[in-house]
Amino acid sequence: MRSVRLAVAVCLLAAFAAHAQRFPAKPIHVVVPSPPGGPPDLIIRMLAPKMDLGQPLVIENRAGAGGIVGSAYVAKQPADGYTWLFTTASHVNTPPFNENVPFDPVKDFTHVTLAAQNFGQALIVPANGPFKNVQQLIDEAKRNPGKLNYGSAGIGTASHIPAELMKSMSGTDIALVPYKGVAEVISDLIAGRIDLFFVGTQLAVQHTQAGRVRTLAVTGAKRWKGMPEVPTMQEAGFPGFNIVNWFGIWLPAGAPPEIVARIHAATVKALADPEVQKQFDAQGLEAGGMPPAEFARFVAKESQQIVELARKIKR
């Protein structure tokens, strides 16, 4: 019996090896669990043409519940390398703020690589609004509790957590207005229907330069050279405030190591492309390329930290 099991195991390993050598033999589906036009969608569309895998990457936007819908879909797919998840730090940030999330962000996925990270989210307000700096916004929120509101692209996302942390640290009451995606929030903010929003620097700079919004601060620990005049939240009176957004690639749990290595190598090559580097630099992004094992440890650590932060915010 033991020899039979060994023979079966050898055959399975041989099959996996042959599969990895042929990979990819058909188009790859990359699921972005947020609407088109948001930061993860823009980033994977920069990288996809440079991946050089011999097959096209078909990008699918499966939005809903702050990324839970698309991520849950990927978790249930075959671990054969043909379905990827490309998303933000919301992969670990969303579950602690929601009940009945149908996946574990650490255990139910194969961690491929950290593709990019930014210099933090940007706190933006309408360009024609009254707020010229963070202190003015906080002063108004204290004078009129519940009057101001902020947009969120989902509970636990990079637009939600900085706002809740700002509220907690300042002792203010600012109402949450939920949306399905970043593009919808920006549209309403520009129109003056919401008062503030935390968004990726790559989108903030576009709308700021066009005169549609005003950027008050960034949430990272250091200023971004793309908007050097914009202070950090720490400089604006929030000691220790340091939140950056990051973007990664995942496969369903149990993906063959050979395929994971192939995808990681293709990603690193794409990140090194001069055109991609130029686009990243212009939009406030730092290229990643973290090896799979290191990325797995990174995700586990980030997940634990956000669980602890969620407890503090919920108090």
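**Note on cavities, sheet and packing**

1. The lining of the second largest cavity has four nonpolar and seven polar residues, and no charged ones. The model discussed here is predicted. The volume of this second largest cavity is about 50 Å³. Around the second largest cavity stand Pro33, Gly66, Gly67, Ile68, Ser71, Thr87, Ser90, His91, Thr94, Pro95 and Phe103. Helix H3 (68–75) and helix H4 (90–93) are the elements that give two or more residues to this lining.

2. How many cavities of 30 Å³ or more are there? The count comes to two. The largest cavity holds about 300 Å³ of space, and 26 residues line it. Those nearest its centre are Ser34, Thr88, Ala153, Thr157 and Val182. Sorted by class, the lining of the largest cavity has eleven nonpolar, 14 polar and one charged residues.

3. Which elements supply at least two residues each to the lining of the largest cavity? They are helix H2 (39–47), strand E3 (83–88), helix H7 (182–190) and strand E8 (197–200). E8 gives the most, with three residues.

4. The next feature is the sheet. Six strands form an open sheet in the order E2-E1-E3-E10-E4-E11, and the pairing is mixed. Strand E2 (57–61) and strand E11 (285–287) are the edge strands, each pairing on one side only. On average, neighbouring strands of this sheet are turned by 30° against each other, direction ignored. In general, strands of a sheet pair through backbone hydrogen bonds, in a parallel or an antiparallel arrangement.

5. At the E11 edge, strand E4 (residues 109–118) pairs with E11 in the antiparallel sense over three bridges. Gln117 stands opposite Glu286 in E11. H2 packs on the sheet and touches strand E1 (28–32), E2, E3, E4, strand E10 (246–252) and E11. The direction of H2 makes about 130° with that of E3. H3 lies across E1, E3, E4 and E10, and runs at about 150° to E3.

6. E3 deserves a separate look. Six of its six residues are buried. On one side of E3 these are Thr83, Leu85 and Thr87, and on the other they are Trp84, Phe86 and Thr88, so that both faces are covered. Two residues of E3 also appear at the cavities: Thr88 is among those nearest the centre of the largest cavity, and Thr87 lines the second largest cavity.

7. In which sense does E3 pair with E1, parallel or antiparallel? E1 and E3 are parallel, with three bridges between them, and Val30 stands opposite Trp84 in E3. E3 and E10 run antiparallel and are joined by four bridges. Across that pair, Thr87 stands opposite Gly248 in E10.

8. Val205 lies in helix H8 (residues 201–209). Is Val205 buried or exposed? Val205 counts as buried because its relative accessible area is 7%, and the cut-off for buried is under 20%. Leaving aside residues up to four places away in sequence, Val205 touches Trp224, Gly226, Met227 and Ala282. One of these, Met227, is 22 residues from Val205 in sequence and 7.2 Å from it in space, C-alpha to C-alpha.

9. Why is helix H6 (residues 161–170) described as largely enclosed by the rest of the structure? Eight of its ten residues are buried, so the description follows from the burial count. The buried residues of H6 are Ile161, Pro162, Ala163, Glu164, Leu165, Met166, Lys167 and Ser170. Glu164 and Lys167, which count as charged, are among these buried residues. After H6 comes Gly171, whose phi is positive, near 65°.

10. H6 also takes part in the largest pocket, which has a volume of about 470 Å³. Of the 20 residues lining this pocket, Asn242, Ile243, Glu302, Gln305 and Leu309 are the closest to its centre. H6 and helix H11 (292–314) each supply at least two residues of the lining. The largest share comes from H11, with seven residues. By class, the lining of the largest pocket has eleven nonpolar, six polar and three charged residues.

Terms used: Residues numbered from 1 in each chain as written. Predicted model: local features only at pLDDT ≥ 70, side-chain atom pairs only at ≥ 80, totals over all residues. Heavy atoms only, no water. 1 Å grid on protein atoms, 1.4 Å probe; cavity = no way out; pocket = protein on both sides within 12 Å on 5 of 7 lines; lining within 4 Å. Points joined across faces, edges and corners; volume = space filled by probe spheres on them. Pairing = 2+ DSSP bridges. Axes fitted to C-alpha atoms, helices over the stretch in contact; angles between N-to-C directions. Contact = heavy atoms within 4.5 Å. Buried < 20%, exposed > 50% of the residue type's maximum accessible area, 1.4 Å probe, protein only.
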